[in-house]
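Please look over the sequence and the structure shown here before reading on. The report that follows is meant for someone meeting them for the first time.

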Amino acid sequence: MSVTADLPEPEVLVHTEGRAGFLTLNRPRAINALTHGMVRRIDEALTAWEHDPAVTTVVLRGAGERGLCAGGDIRAIHADAVAGGSASVAFWRDEYRLNARIARYPKPYVALMDGIVMGGGVGISGHASVRVVTERSRVAMPETGIGFVPDVGGTWLLGRAPGELGTHLALTGTQAGAADALLAGLADHHVPAADLPALTAALTHEDAATAVARFARPAPAGELAGRRAWIDACYAAGTVEEIIQRLTDSGIPDAKETATVLLTRSPTALKATLEAVRKARTLTSLEAALHMEFRLSCAALRSPDLAEGIRAQVVDKDRDPRWTPPTLAEVTEPDTARWFAPGPEGELELPAPPAR
C-alpha cells in the first residue's frame, strides 16, 4: 500500500484547466461546510491566481449532489462556545477577510450556487462577480434559528434587497429558490442544473460573462414576488414585536404562519438582526458591514443562545431551544446595544474599500 493512500483527501480541491482556476469544496458528507483550513486554502489559491496571466476566471463549486456549502462548521463553533474558546473568533477574522476579498477580486469569480447555499456558503458565493443558481438552489441565512445573526456580509446583501424582502429573509431564515434569490439580489443568473457540466467546460476557454449568458435561462416561478405586498407592509414596522403583530393581524395565512415561525427564533438574535439589517442599509461598503458583523458574531459567541441553538438544531436535534431570555419583551434596548459595541476580542481589520 502506498503512503499516499492513507492521506485524507483535501477539503478544497484546487486545480486549473484551460484559462480557469477551479475551487471545489470537498466535504460532501457535511454539505461542504467550511472549516478554518478551507478558508485559508481558498485565500491561498486566490493569491496565487490573482497575478497569474494564465488564469483569467475563478470558478467555485461544491462536491457531491447536495449543495455548494451549508455554512460554517457549526459543530466546531458549538464546541468552542461551550469551552469558552477563541477559535471561532480567529475563524471569523479570516472568513470575513476572504468575503471582502472575493467582492474585490480583480478577475471574474463565478460561483455555482447549486443546491444548498447557506450562511458561510453565501459569504463565499454571494459576493462573487458572477452568481449562478439552479432550480435546485436553496439560498438562506438561517442564523436566528441558532441564536446567531446573519454574517459573512449577509446584512449587506439582505439590506439591499427590494423592499423588505431582506428583512423577511434575515429574520425567518427562509430558503430562497432560484427565482427568489434572483429577486432578492442574492444571485445573477439561473442555469439549469443539467447544463452545469457544459457551462463549467465553457468557462475553461470562454469569457465568463459570455459563457454564462449563453447557458442562462428563465428561473422557475418563485414565491416572494407574490408575497411582496404583505412582506413590505408588515416588516416596515419599527420593532420585532410590531412586525409579529402586523403579521398576525394581517388576515393572510402565509403571514400568520410566518409570525409563528418568528416566535420560535432566538428573541435576542431577532432584535439584533433587525437592527443590523437596518444599519447595513446606511453603510457605504461591504467592509463596514463585515466590521459590524464581527462585533455581532463575537457577542453571539459570548451569549448562551448560540451554544443552545446549535445544541437544539444540530447536536441533540430535539428542535426545542431554551432561549435566554425566552421572550422578546425581556430583551431590552441595552441588551441589543451591547451586541454592537466593541468587545474584548478587538476589531476586525480589513483593507480599505476602493474609493468611489
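The sections below take up the sheet, the cores, the pockets and the cavities in turn.

## The sheet

The model is a predicted one, and a convenient place to begin is its open sheet, in which 6 strands follow the order β1-β2-β3-β5-β7-β9 with mixed pairing. At the edges stand β1, residues 12–17, and β9, residues 189–190, and because each has a single partner strand, one side of each is left without a neighbour in the sheet.

Strand β1 runs antiparallel to β2, to which it is joined by 6 bridges, and Leu-13 stands opposite Thr-24 of β2. The hairpin made by β1 and β2 has 2 residues between the strands, and in this hairpin Gly-18 takes a positive phi near 60°.

## Strand β2 and its surroundings

Strand β2, residues 20–25, also pairs with β3, residues 57–62, this time in the parallel sense and over 6 bridges. Across this pairing Phe-22 stands opposite Val-59 in β3, while Thr-24 stands opposite Arg-61 in β3.

In a regular strand the side chains alternate between the two faces of the sheet. In β2, Ala-20, Phe-22 and Thr-24 point one way, whereas Gly-21, Leu-23 and Leu-25 point the other way, and all of them are buried. Since 6 of the 6 residues of β2 are buried, this strand is largely enclosed by the rest of the structure.

## The nonpolar cores

In soluble globular proteins, nonpolar side chains tend to be buried together. Here the largest nonpolar core holds 90 residues, and those touching the most other members are Leu-23, Leu-25, Leu-46, Tyr-109 and Leu-247. Helix α14, residues 286–302, provides the largest share of this core, with 10 residues. A second, separate core has 16 residues, among them Ala-20, Val-110, Leu-112 and Val-132.

Leu-247 can be followed further: when residues up to four places away in sequence are not counted, Leu-247 touches Trp-230, Cys-234, Tyr-235, Ala-255, Lys-256, Thr-258, Ala-259 and Leu-262.

## The largest pocket

About 1100 Å³ of space lies in the largest pocket, whose lining is made up of 40 residues, with Ala-70, Ile-74, Pro-142, Ile-146 and Val-314 lying nearest its centre. Elements that each supply at least two residues of this lining include α2 (74–83), α3 (87–104), β6 (116–118) and α15 (304–315). Divided by class, the lining of the largest pocket has 18 nonpolar, 11 polar and 11 charged residues.

## The second largest pocket and the cavities

The second largest pocket contains about 370 Å³ of space and is lined by 20 residues, of which Thr-174, Gln-175, Asp-180, Glu-223 and Arg-227 lie nearest its centre. At least two lining residues come from each of α6 (165–172), α7 (178–183) and α12 (253–262), and α12 gives the most, with 4 residues. The lining of this second largest pocket comprises 5 nonpolar, 7 polar and 8 charged residues.

Apart from the pockets, the structure holds 3 cavities of 30 Å³ or more, and in the largest cavity there is about 40 Å³ of space. The largest cavity is lined by His-168, Leu-169, Thr-174, Gln-175, Ala-176, Asp-180, Glu-223, Leu-224 and Arg-227, a lining that has 3 nonpolar, 3 polar and 3 charged residues. Thr-174, Gln-175, Asp-180, Glu-223 and Arg-227 thus appear in the lining of the second largest pocket and also in that of the largest cavity.

Note on methods. Residues are numbered from 1 along each chain as its sequence is written. This is a predicted model: local features need pLDDT of at least 70, side-chain atom pairs count only at pLDDT 80 or more; totals for chains, interfaces and linings use all residues. Side-chain values use heavy atoms; hydrogens and water are left out. Two strands pair if DSSP finds at least two bridges between them. On a 1 Å grid over the protein atoms alone, a cavity is a set of points where a 1.4 Å probe fits but cannot get out, and a pocket is an open set with protein on both sides within 12 Å along at least five of seven lines; lining residues have an atom within 4 Å of a point. Grid points are joined across faces, edges and corners, and a volume is the space filled by probe spheres set on the points. Ala, Val, Leu, Ile, Met, Phe, Trp, Tyr, Cys and Pro count as nonpolar, Asp, Glu, Lys and Arg as charged, and the others, Gly among them, as polar. A nonpolar core is a set of buried Ala, Val, Leu, Ile, Met, Phe, Trp, Tyr and Cys residues joined through side-chain atoms within 4.5 Å. Buried means under 20% relative accessible area, exposed over 50%, partly exposed in between (1.4 Å probe, protein chains only). Contact means heavy atoms within 4.5 Å.
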